[in-house]
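Please open the structure in your viewer, keep the sequence panel beside it, and follow the stops below in order. At each one, select what is named before reading on.

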Amino acid sequence: MNKLFLLLGVCMMMISATYSQSLPYLPNPTFKEGEKLSYKLRYGILSGAVGNLSVNKSKYKFSSTNTYHLSAFGETAGAVSAFYTVKNQYDSYIDGKTYLPYLYTENIREGNYRRIEYASFDHPKKTVNGKKGKFTSPVNQTFDLLSAYYFARNLDLSRLKVGDIFTITYFLNDEVAQLGVKYVGTEKIKTSLGTLDCIKLSPEIKPGRIFKKDSRLYLWVTNDGNRIPVKAEAEIRIGGSVVMELVSADGLKYPLGERVSYSK
């Protein structure tokens, strides 16, 4: 079940509000090198997958600015791993000032299936180069699975009002696409790390094999200096919900729950 990072990544991509052609972002990052986040994905009482996200200093230089190496690893867990094994690695290298991606790679191992993918980004030219060729983007800020998550944490959300709907442009599965989200407001929720004040969002869902026509997806992001997602919940066609939850957070830039100037 590689849905852990698909759910996390897509959720975070959807909170990147497109206020205009260019997305406004905070001057200083909400994360730092050494940050490590761990999540679990479950369906009902069944544990389906676990995953880890980390921020590292890049060994590669793509420009004169600082470059972050973002890393994510997800694998099946619990009863699911007994009959189907997934071990997926995702890496993104982003600009330390704009948070835009230079290079994105995937190493997918699902059962007997193997796939290695990559994408390089040329933001001034609005293009993405992948294994299947060059793709054109309508904007000069296009993200991958991981960079979207970290960029979203650094957005200037000061103009968000309840009911506002926004979009972001992203590259996934050899396609440049756009997706929207509605800002629901703020809400306190109980987590394994305590009760936290969160920003609540409801991203749009396309019905299909997994989601029903009336399915809803909600995402809760800490309303503090770190802006990390602590919970995501999506209704699925089979019945019930798939839930992603944060289980540990180390190396945070701010104490968890500490409000700052950009808190809602």
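A polar contact, a term needed for several stops on this tour, is a pair of N or O atoms within 3.5 Å, and within protein one of the two must be able to donate a hydrogen and the other to accept it. With that in mind, select D144, whose side chain reaches the backbone nitrogen of S147 at 2.8 Å. Please remember throughout that you are looking at a predicted model.

**The whole chain**

Before going further with D144, show the whole protein as a cartoon, in which you can look for 3 helices and 14 strands. Of the 264 residues in the protein, 51% are buried, and the protein exposes about 12300 Å², with carbon and sulfur atoms supplying 52% of that area. Among the contacts with a separation of 6 or more, 57% are made by residues 24 or more positions apart.

Now colour the model by confidence: the mean pLDDT of the protein is 84, and 85% of its residues reach 70 or more. Residues 1-7, by comparison, have a pLDDT below 50, although this stretch has 35 contacts in the model beyond near neighbours in sequence. Residues 10-20 also stay under 50 in pLDDT, and the model has 55 contacts for them beyond four places in sequence.

**D144 and the start of α3**

Return to D144, which you will find in the loop between β8 (133-136) and α3. What does D144 do at the N-terminal end of α3? D144 caps that end, with a side-chain oxygen lying 2.9 Å from the backbone nitrogen of L146.

D144 is buried yet has no salt bridge, and the nearest side chain of opposite charge, that of R115, is 13 Å away. In general, side chains of opposite charge can pair when their charged atoms come close.

Next, select helix α3 itself, residues 145-152, and display its surroundings: 8 of its 8 residues are buried, so the helix is largely enclosed by the rest of the structure. Among the buried residues of α3 are L145, Y149 and F151.

**S92 in strand β4**

From D144, move to S92, since a polar contact of 3.0 Å joins the side chains of these two residues. S92 has its place in strand β4, which covers residues 87-95. Is S92 buried or exposed? S92 counts as buried, because its relative accessibility is 0%, and buried means under 20%. If you show the residues that S92 touches, leaving out those up to four places away in sequence, you will find Y68, H69, L70, P101, L103, Y104, D144, L146 and S147.

**Y99, after β4**

Now select Y99, which sits in the loop between β4 and β5 (101-110). Y99 also counts as buried, at 0% relative accessibility. Add F151 to the selection: Y99 and F151 are 52 residues apart in sequence, while their C-alpha atoms are 5.6 Å apart in space. The contacts of Y99 beyond four places in sequence include Y25, P27, F31, F143, S147, F151 and N154. The side chain of Y99 also reaches the backbone oxygen of L26 at 3.4 Å.

**Salt bridges**

For the last part of the tour, look for charged pairs; the structure holds 8 salt bridges. Begin with E35 and R153, whose side chains meet in a salt bridge of 2.8 Å, N to O. E35 lies in the loop between α1 (3-14) and β1 (36-43), and R153 in the loop between α3 and β9 (165-171), so the pair ties together parts that are 118 residues apart in sequence. E35 is buried, with a relative accessible area of 1%, and R153 counts as buried at 1% relative accessibility.

Then select R42 and E245, which form a salt bridge whose closest N and O atoms are 3.2 Å apart. Because R42 lies in strand β1 and E245 in strand β14 (residues 241-250), this pair ties together parts that are 203 residues apart in sequence. R42 is partly exposed, with a relative accessible area of 27%.

Finish with E106 and R115, the side chains of which meet in a salt bridge of 3.0 Å, N to O. E106 is buried, with a relative accessible area of 8%, whereas R115 is partly exposed, with 23%. Add E117 as well, for salt bridges that share partners join E106, R115 and E117 into one network.

Note on methods. Residues are numbered from 1 along each chain as its sequence is written. This is a predicted model: local features need pLDDT of at least 70, side-chain atom pairs count only at pLDDT 80 or more; totals for chains, interfaces and linings use all residues. Side-chain values use heavy atoms; hydrogens and water are left out. Helices (H or I, at least four residues) and strands (E, at least two) are DSSP runs, numbered from the N terminus. Buried means under 20% relative accessible area, exposed over 50%, partly exposed in between (1.4 Å probe, protein chains only). Contact means heavy atoms within 4.5 Å. Accessible areas come from the Shrake-Rupley method with a 1.4 Å probe; for residues, only the protein chains shown count as cover. pLDDT is the predictor's confidence in each residue, from 0 to 100. Lys and Arg count as positive and Asp and Glu as negative; His and the chain ends are not counted. A salt bridge is a side-chain nitrogen of Lys or Arg within 4 Å of a carboxyl oxygen of Asp or Glu.
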